[in-house]
Each structure stands twice: as C-alpha cells, then as structure tokens.
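Me: I should like to go through the terms applied to this protein. Please set each value against its definition.

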Amino acid sequence: MNIEIWLMLIIAMLLFGAAALFIMIRQASKLKITEADFTKEGKEPVRFVLISDLHISLMPIHWDYICTNISKAQPSFVVVAGDLVFKKKDGSGVLFFFKLLTEYVTCPIYVVYGNHDNNKLFEHDEKLKKSFTETLEMISSRIKVIENRTVLFQQEDREISICGAEDFRVISKKTTDFIKNERSKAKEKGQDFLLVSHNPGILEILEEETADLAVLGHYHDGQVHLPFRTEFHILRRKDKLACKGYIYGKHTYKKTPIYITSGLGNTNLAIRYKSTPEIAVIYM
C-alpha cells in the first residue's frame with residue numbers, strides 16, 4: 001500500500017472521529033422532558049420533577065433553559081438525586097445553580113448527595129459536608145438536604161413521606177434500618193413512601209417493597225452506549241443492578257416501582273451517545 005493510500009485512510013479516520021465527537025458533543029447539549037406515571041388507582045396524582053447528576057462543570061445545557069423547563073412542569077416539589085459536582089472546585093457553581101432554580105420555582109427542593117459529592121467536594125470530611133449543606137440551605141428555606149432524613153409533603157388529601165438515603169457506596173446498617181423504620185411508620189399512618197437516593201445499587205441491600213416509589217440516578221443511561229451495553233458489562237462491572245438491565249427509566253425491582261433518570265451532566269467528558277440528558281416529570 002503506497003503512501004497516498006495511507007494518507008487517505010488516516011484523513012478518513014480523522015474525519016470520522018471528528019464527526020463522531022461532534023455528534024456526541026451535540027447529544028450532551030440536548031434536553032428531553034420525560035413523563036412517568038406511578039399513580040395508584042383512586043388517588044389524585046402528585047406531580048414532581050426529578051433531576052440528577054448535574055456534574056455542574058460538565059453540564060453544557062444552559063442553566064436558564066433547564067430551570068425554565070422545570071418551571072413549566074409546575075411541580076409540587078423538585079428532587080435532586082445527587083452528584084451535584086464533578087470536581088472539588090464545582091461547589092460555587094452548584095450554589096449559583098440552586099440560587100437560579102429558586103428564582104424559577106416556588107416549590108420545595110429536596111436534595112441528596114452522590115459519590116462525586118462525597119469523593120470530590122467533601123473528600124469524606126463530615127465537617128465540610130455539614131458546612132456546604134448549611135450554605136446550600138441558606139439560599140432558600142425551600143431547599144432541604146434530606147440525606148438520611150424524612151420530610152412530609154402534603155397536598156390536599158395526599159401525604160407523602162419523602163425519605164432521602166445516603167449514597168450506596170457509603171451506606172451503613174444504621175441507614176438501612178432507618179429506611180425500614182420510616183417505611184413502617186409511613187404505612188401505619190397511611191402515607192405514601194418515596195425513597196430518594198443516588199445509586200440504584202442501594203435497592204440490592206434493601207428489603208422487598210421498600211417504597212411505594214424509589215427515584216435514583218447515577219448511571220447516566222450509560223452516557224455513551226456501546227454494543228450490547230458493554231459500557232456496563234466490561235467498563236462498569238461494579239454497577240451490578242445495571243448489568244442486570246436496570247439502567248434507565250421505569251422499572252420494578254424487588255416489588256418496588258423505580259425510576260432511574262439519565263441525569264443532566266456528564267462524567268469525564270461532556271459527551272453522550274444514544275443517551276439524552278433529561279428532566280423527569282413523575283406522577284405519584
């Protein structure tokens with residue numbers, strides 16, 4: 001094969017790579033609004049918005065556009081299911097985003113943290129975590145970090161006990177016992193029980209029917225799809241639930257209805273392929 005053919009092949013490969021990269025960058029900048037209905041028969045639905053995995057420095061979608069679409073959904077409350085940051089320096093950006101969000105919505109905003117928050121922002125330092133939580137909640141009385149806490153949401157004749165759980169990778173028996181007890185209390189009072197956590201892996205260590213609904217993030221719907229979903233089977237084998245096929249969207253696992261969002265931001269690079277950032281509008 002002569003030099004001219006080699007050059008043509010190299011140029012073709014470079015052009016193909018550039019085109020693929022352009023497509024993936026564009027995909028990461030798109031936004032879809034997804035609706036999922038979990039309303040039980042005979043109950044008036046409560047509508048809320050679920051977002052996750054902001055990874056704020058790797059979220060190329062315009063923040064005003066995100067907040068506008070959350071506002072248009074007219075949610076009764078907003079759930080943010082962890083991974084607010086990608087790197088340690090992202091803390092100030094997260095605070096600005098939440099300040100902006102409170103200017104667009106007047107409903108409660110419930111937050112839990114994810115593995116990136118614990119690893120990068122807090123560096124597993126409880127004092128840093130407490131300080132950031134206080135600063136975040138000072139933005140508005142409507143922002144509540146509910147990690148290992150339960151809050152009661154009331155709308156007309158509906159009562160929803162919203163329980164936030166710490167990230168699966170740092171979870172303790174104390175937390176799993178707490179979830180079990182809160183679930184029992186909600187049942188006794190005739191309240192619906194909504195579990196909020198970052199990593200769907202938490203469901204593997206909880207009991208059957210652990211919630212009336214669990215909402216989660218973490219997987220990014222794979223972010224970049226590979227053939228046969230090998231992004232999980234080879235690259236992310238520790239995500240056991242995803243390897244079983246529970247990657248994105250509406251499912252039932254161990255008799256618990258669940259919704260796993262694809263998130264808004266990205267990990268490592270702001271690229272996606274066959275995975276679209278989303279705002280999930282959930283009816284419960």
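Reply: The following exchange covers cysteines, burial, nonpolar cores and pockets.

Reply: This is a predicted model, in which local features need pLDDT of at least 70 and side-chain atom pairs count only at pLDDT 80 or more, whereas totals for chains, interfaces and linings use all residues. Residues are numbered from 1 along each chain as its sequence is written, and side-chain values use heavy atoms, with hydrogens and water left out.

Me: How do you know that Cys 107 is in no disulfide?

Reply: A disulfide is a pair of cysteine sulfur atoms within 2.5 Å. The nearest cysteine sulfur to Cys 107 belongs to Cys 67 and is 11 Å away, so the 2.5 Å criterion is not met. The structure holds zero disulfides.

Me: Why is Cys 107 called buried?

Reply: The term buried applies under 20% relative accessible area, exposed over 50%, and partly exposed in between (1.4 Å probe, protein chains only). Cys 107 has 9% relative accessibility and therefore counts as buried.

Me: What makes Cys 243 partly exposed, and Lys 238 exposed?

Reply: Cys 243 has a relative accessible area of 23% and is therefore partly exposed. Lys 238, at 79%, is exposed; this lysine is found in the loop between α7 (230-233) and α8 (240-243), where helices are DSSP runs of H or I with at least four residues, strands are runs of E with at least two, and both are numbered from the N terminus.

Me: What makes a set of residues a nonpolar core?

Reply: The members must be buried Ala, Val, Leu, Ile, Met, Phe, Trp, Tyr or Cys residues joined through side-chain atoms within 4.5 Å. The largest such core has 35 residues, of which Leu 84, Phe 97 and Phe 98 touch the most other members. Its largest share, five residues, comes from α3. Apart from it lies another core of 23 residues, including Val 46 and Leu 213.

Me: Which residues line the largest pocket closest to its centre, and why is Gly 222 counted as polar?

Reply: A pocket is found on a 1 Å grid over the protein atoms alone, as an open set of points where a 1.4 Å probe fits, with protein on both sides within 12 Å along at least five of seven lines; lining residues have an atom within 4 Å of a point. Of the 22 lining residues, Gly 222, Gln 223, Arg 236, Thr 267 and Asn 268 are the closest to the centre. Asp, Glu, Lys and Arg count as charged, Pro and the core residue types as nonpolar, and the others, Gly among them, as polar, so Gly 222 is polar. The lining has five nonpolar, nine polar and eight charged residues.
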